[in-house]
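Hi everyone, thanks for coming. I'd like to walk you through one structure today, so let me put it up on the screen.

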Amino acid sequence: MSPRIGVVTFPGSLDDRDAARAVTIAGGEAVSLWHADANLHAVDAIVLPGGFSYGDYLRCGAIARFAPVMEKIVDAANGGLPVLGICNGFQILCESHLLPGALTRNDHLHFICRDQKLRIENNSSAWTNSFEVGQEIVVPLKNGEGGYVADERILDELEGEGRVIARYLELNPNGSRRDIAGITNAAGNVVGIMPHPEHAVEELTGPTTDGLGFFASVLTSLVTNGRVTV
Amino acid sequence: MSMDTVGHATETPTAEQPYRELGLKLDEYDSIKNILGRRPTSSELAMYSVMWSEHCSYKSSKVHLRQFGEKAPKNDAMLVGIGENAGVVDIGDGWAVTFKVESHNHPSYVEPYQGAATGIGGIVRDIISMGARPVAVMDPLRFGDPTNPDTRRVLTGIVAGISGYGNCLGLPNIGGEIVFDSSYQGNPLVNALCIGTMKHADIHLAKATGLGNAVILYGARTGGDGIGGVSVLASETFDADGPAKRPSVQVGDPFMEKLLIECTLEVLHAGLVEGIQDLGGAGISCATSELASNGEGGMHVWLDRVLLRDHTLSPEEILMSESQERMCAVVEPAKVEAFMAVCKKWDVEAVVIGEVNDSGRLTVEWHGEQIVDVPPRSVAHDGPVYERPYARPTWMDARQANGPENLARPTTAAQIQQTLMAMVGTPNLAAKTWVTSQYDRYVMGNTVLAQPEDSGMIRVDEVTGRGVAVSTDCNARFAALDPYLGAQLAFAESYRNVAATGAVPLAVTNCLNFGSPEDPDVMWQFERAITGLADACLEMNTPVTGGNVSFYNQTGDVAIHPTPVVGVLGVIDDVDRRTPMAWDEDGELIYVLGDTRDELAGSEWAHAIHNHLGGLPPALDLGKEKTLAEILVAGSRDGMLSAAHDVSDGGIAQTIAEMAMRSGKGARLWIPDNFDPFVFLWSESATRAVVVVARSEEMRFTEMCNARSFTAIRVGVVDSELGSIGDQVLQLDNVYGETLSVSISSLHAASEATLPALFG
Amino acid sequence: MARVVVDVKLKPEILDPQGRAVMGALGRLGLAGVADVRQGKQFVLSIDGDIDDAKLADINRIAESLLSNPVIEDYTVRVEA
């Protein structure tokens, strides 16, 4: 039985299909979750995909954060369920306070889509254990509001506790503080990442297949933690 | 206040009506009176004035556009032809593809961001109304002089609008063009193309069949967007002391459009809809009259049921409103509840505003009063048809005689090197990364090729790998020199670009951007361009499936260059076999396919270096173009080609420079004997491509070219040893007796610097 | 019908690239001596009935949890006559 990975669709989610494809290629069973349905349908992990939920109106992720499904996700995440927030998903995780900090308008004010080099900084989270620390990967990045900010105290805490999971290399595409591309919570089950691993899972359509590692990681983590038996 | 009802109109036959202010001619006004047997009500006058406008009725272009139907090749791939919202093509395996390009030129000059954004919104709705899921967009854009400050205003706004709207919708932007020419200074061209895919069974037409079927308006609320001249009527019949009504700029809401896409596809797949129509130009007037015309009967509309954003709107204004993100569906009564439930799920407002009947009339009532009673075809289809006079302009001879022969050409290797660096960085040839990196190319996960590759290619079937490729092209300078040949060259370039990536060209769309149809010079250009394109499509067996005409692109008396943008769509059995443009391995051989002649008239070199436009465009042999395409497709399919790139603007020099920059790897090249180096590098002769062949495939490939009597000249070999890692070099031998050495990073720097410096 | 205005501003230490872009434009348009520009948002709520303390408390709650992101923004609430 493949682990069941829920992918949430909010009104305006765009990369939900792509996240589902990535889960399937990695060997999991993708389960579609609807924002208005306060039921996690016994999934073993959850992906909050990229896109423009609610058009990014008000603030990115600010409205999605109050969706019925999110209440259940917050509870489950606090109970250890692995949750990956990609781009808009990362924004929703910050608005929900499952992760610290916030994402703001890119410093150069343009939307940017590029193949971004990253360095993996932490491989003990549920979503990064298949990488080596220091491993360099290339994954597409596409956002207009991707600048990660937090006050100095929080940033120092993240660095001190090794909770930065990925950093931008060669070019900081959005003005994120300390070149932070992704972070994890203290327990290591909730990860937010700005670039899009789900777009780097096929040679045909992505710059690399480096993104698969994120999805492979959670499958491994679920088996290891006994959440899923294979 | 009195309502101008049908009854009132009958009783007051001589009432003065502002038909001129609404853009109608006296004979058109009389024609309306004949059709109705009385004077029109103010609402009916408003409907006719908008539906009979050039933009909606195509009155100046119909007589010429007929050629696309008359000369349509017999091609079984056409599932739905011209006339519907967008043409539909069978691509095999039960899949169909619909594609269309449209213009939003004038609004984009006034309000660049919203003009471009709503342009995308409109074309996407055209695609979903055919029953297809939109899968990609492309934007052919044309601007004025790059150094003119207004170009900056227009370009940055338009790019931001395309980015803001398209990215939010979740459609990958996979291609397009950015062209600069002072001809477009006061008239930027914003053409938007959308591709949609569906299974054959999902094709939906805009019909309103079935007595008693409900007509449902769903999507955004109706406001005062885009209402122009109709304000004249409003102030006539309503409160004269009301606030001054100004035409409001149409503002797009991409989130609403995304919801509309999902909602529409869900009701279509659930079989809840009999007919569907999007609301574009002329809003409700257009949707209701078109739906009623295409069906068998008539329709009655209760206009007061329309959900409004602005409650001060008069019925005339509601009929004319161009508020965005609205659609109209025809639904059987038994299915209305289910339809409404889907709308509710997606938070899309919907209301039944009408009913299909067999009266043969389109009637509209406002709070119980009849304000419209017309035969729907008279509004939507049987509008005026003009035979505008046209004649070859008197200045054409002089223009064609003024060739580039006397322009100073490079005659030494040093001058060739200088020219290369200048050309690579000239705005029309420079890298467009600054623009294209503002567009999402990855969303939906099926983008196989995107700009700067020759075509945008999308995987349609994730199991079989079947895909489609689209390219849009137009060299308007060639069209200015000879509109007939220029249109054919635009088609040939697009056809070639599709084949270069390994796809078989199947169908054509077009966006014809011209000056005023009231100018016989412009009309001549228009007629010649259409004839050229229709003739070419017939000869090449690729039917025109639909398109768009944009007239009145001129500033005062000066029209833009005739700009017939042609989009060709092709099919590839397995996207895995696609041919990219970059070479990869040392030892691979570089060939030029096709014949190079001294043809510099209208070239980018003549434009960029000498600001010259004159002479005759390059010659075109469509038979040879077809052979080249067959070679490129066979080469792709059978694995003979590692890479391919078409030769067009900037000639072979530009093609090779682009391949080198994309690959990052050096190569050793030479000018073949018997060619003047300058001519070989920058001539823009048609029907050529540069291809890369592995040594093991060379014999098979050259034999294939020989068998088809197609010229193939070896000009180089990939070689990374000429330079060091990170500092690769192109070496060019036999340049006026010398060898040139060009660093790829210097080419890169020159190419990438231009647009950020101008617009960043 | 009462009107309540909620003004939301970025906290002073947060980078405001949009404000900076506006400041650049002011200079080009000839307005000299502009030291800083910060861009914010204003929400105008039209609410039935009177704004009593309970209602005001509700509005503040909404302002804090939805209309603003306290990590990066401050807000003020003002009741108009």
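How many residues does the contact take from chain B, and how many from chain A? Keep in mind that this is a predicted model. Chain B brings 24 residues to the contact, and chain A brings 23 residues. On the side of chain B that touches chain A, the elements giving two or more residues are α8 (149-169), α10 (254-269) and β14 (447-449) of chain B. It is α10(B) that gives the most there, with four residues. If you think in terms of chemistry, that side of chain B has 11 nonpolar, eight polar and five charged residues.

Now for the other partner, chain C. Here 11 residues of chain A are in contact with nine residues of chain C. Helix α1 (residues 17-28) of chain C supplies three residues, the largest share of the side of chain C that touches chain A. By class, this side of chain C has seven nonpolar residues, two polar ones and no charged residues.

Let's turn to chain A itself. Chain A has five helices and 11 strands. Its radius of gyration is 16 Å, close to the 17 Å that the globule rule gives for 230 residues, so chain A is as compact as a globular protein of that length. The C-alpha trace of chain A spans about 45 × 35 × 35 Å along its principal axes.

And inside? Of the 230 residues of chain A, 61% count as buried. Looking at contacts in chain A between residues at least 6 apart in sequence, 76% join residues at least 24 apart.

That's my tour, thanks for listening!

Definitions and conventions
Residues numbered from 1 in each chain as written. Chains lettered and ligands numbered in written order. Predicted model: local features only at pLDDT ≥ 70, side-chain atom pairs only at ≥ 80, totals over all residues. Rg over C-alpha atoms; globule rule 2.2 N^0.38 Å. Buried ≥ 20, exposed ≤ 12 C-beta atoms within 10 Å, placed from the backbone. Contact = placed C-beta atoms within 7 Å. Nonpolar A, V, L, I, M, F, W, Y, C, P; charged D, E, K, R; others polar.
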